[in-house]
Amino acid sequence: MKKLSVFLVLAVLPFLGSSQSIFDKYDNMKDVGSVTINKGMIRLAGNIAAFDESDQDAQDFADIAQGLEGIKIFITEDARISEDMGKTVKKYLNSSSLEELMKVRDKDATVKFYIKQGRDEDHVSELLLFVSDINSDELGVDNRKFESVLVSMTGDIDLNKIGALTKKMDLPKELNEVGER
């Protein structure tokens, strides 16, 4: 019995240390740029921001950073991968309790925001942003034209302070509109 218990603990241990996401498959793809910001880095940035007590955005960033578990950003120029991202987002939405918060569509792109409700109406435990149908040179960098951008944030996210996060971490400015829901 003791050997079985040790075996079960060893079998489950690798899964306790890392949180896998359906989107992690894009992390090492050749034609996908990715940024993964883990809890430790977010906390460090939040602690640095907290030193500037005169800057309200810095204080808001420090507050929101304390509750974040992670941020993942995936960007691709490849139309085939972009289509796969769209299918993966749809699959994830079907299997999770995320709800569409807002959709912004114009001639340049389609931006969709999804949330998973948190502890109250001002907090969410997950925020998912998916930008597709990008038709603008303004959304590219260094002559690169992006097809899709996927941003996933998890933790205790205060929607009233999301603007500070987008400014301090240079995230898409459309996230500011989520706090105004």
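This passage looks at the nonpolar cores and some of the salt bridges in a predicted model.

Start with the inside. In soluble globular proteins, nonpolar side chains tend to be buried together. Here, the largest nonpolar core has 23 residues, and Ile71, Val131, Val151, Met153 and Ile157 touch the most other members. Two or more residues each come from α3 (56-67), β2 (68-76), β4 (110-117), β5 (123-132) and β6 (148-158). Another core, this one of 14 residues, lies apart from it and includes Val32, Ile81, Tyr92 and Leu93.

Now for the charged side chains. The whole structure turns up seven salt bridges, and three of them are described here. One joins Lys72 to Asp24, with the closest N and O atoms 2.5 Å apart. This pair ties together distant parts of the chain, as Lys72 sits in strand β2 and Asp24 in the loop between α1 (2-17) and β1 (32-38), 48 residues apart. Charged or not, Lys72 counts as buried, at 17% relative accessibility, and Asp24 is buried too, with a relative accessible area of 17%.

That loop between α1 and β1 also holds Lys25, which pairs with Asp84 of helix α4 (residues 79-95), 59 residues apart. The closest N and O atoms of Asp84 and Lys25 are 3.2 Å apart. Asp84 is partly exposed, at 27% relative accessibility, and Lys25 is partly exposed at 41%.

Helix α4 has a salt bridge within itself as well: Lys87 and Glu83 both lie there, four residues apart, or about one turn of the helix. Their side chains meet at 3.4 Å, N to O. Lys87 counts as exposed, at 54% relative accessibility, while Glu83 is partly exposed, at 48%.

Key. Residues are numbered from 1 along each chain as its sequence is written. This is a predicted model: local features need pLDDT of at least 70, side-chain atom pairs count only at pLDDT 80 or more; totals for chains, interfaces and linings use all residues. Side-chain values use heavy atoms; hydrogens and water are left out. A nonpolar core is a set of buried Ala, Val, Leu, Ile, Met, Phe, Trp, Tyr and Cys residues joined through side-chain atoms within 4.5 Å. Buried means under 20% relative accessible area, exposed over 50%, partly exposed in between (1.4 Å probe, protein chains only). A salt bridge is a side-chain nitrogen of Lys or Arg within 4 Å of a carboxyl oxygen of Asp or Glu.
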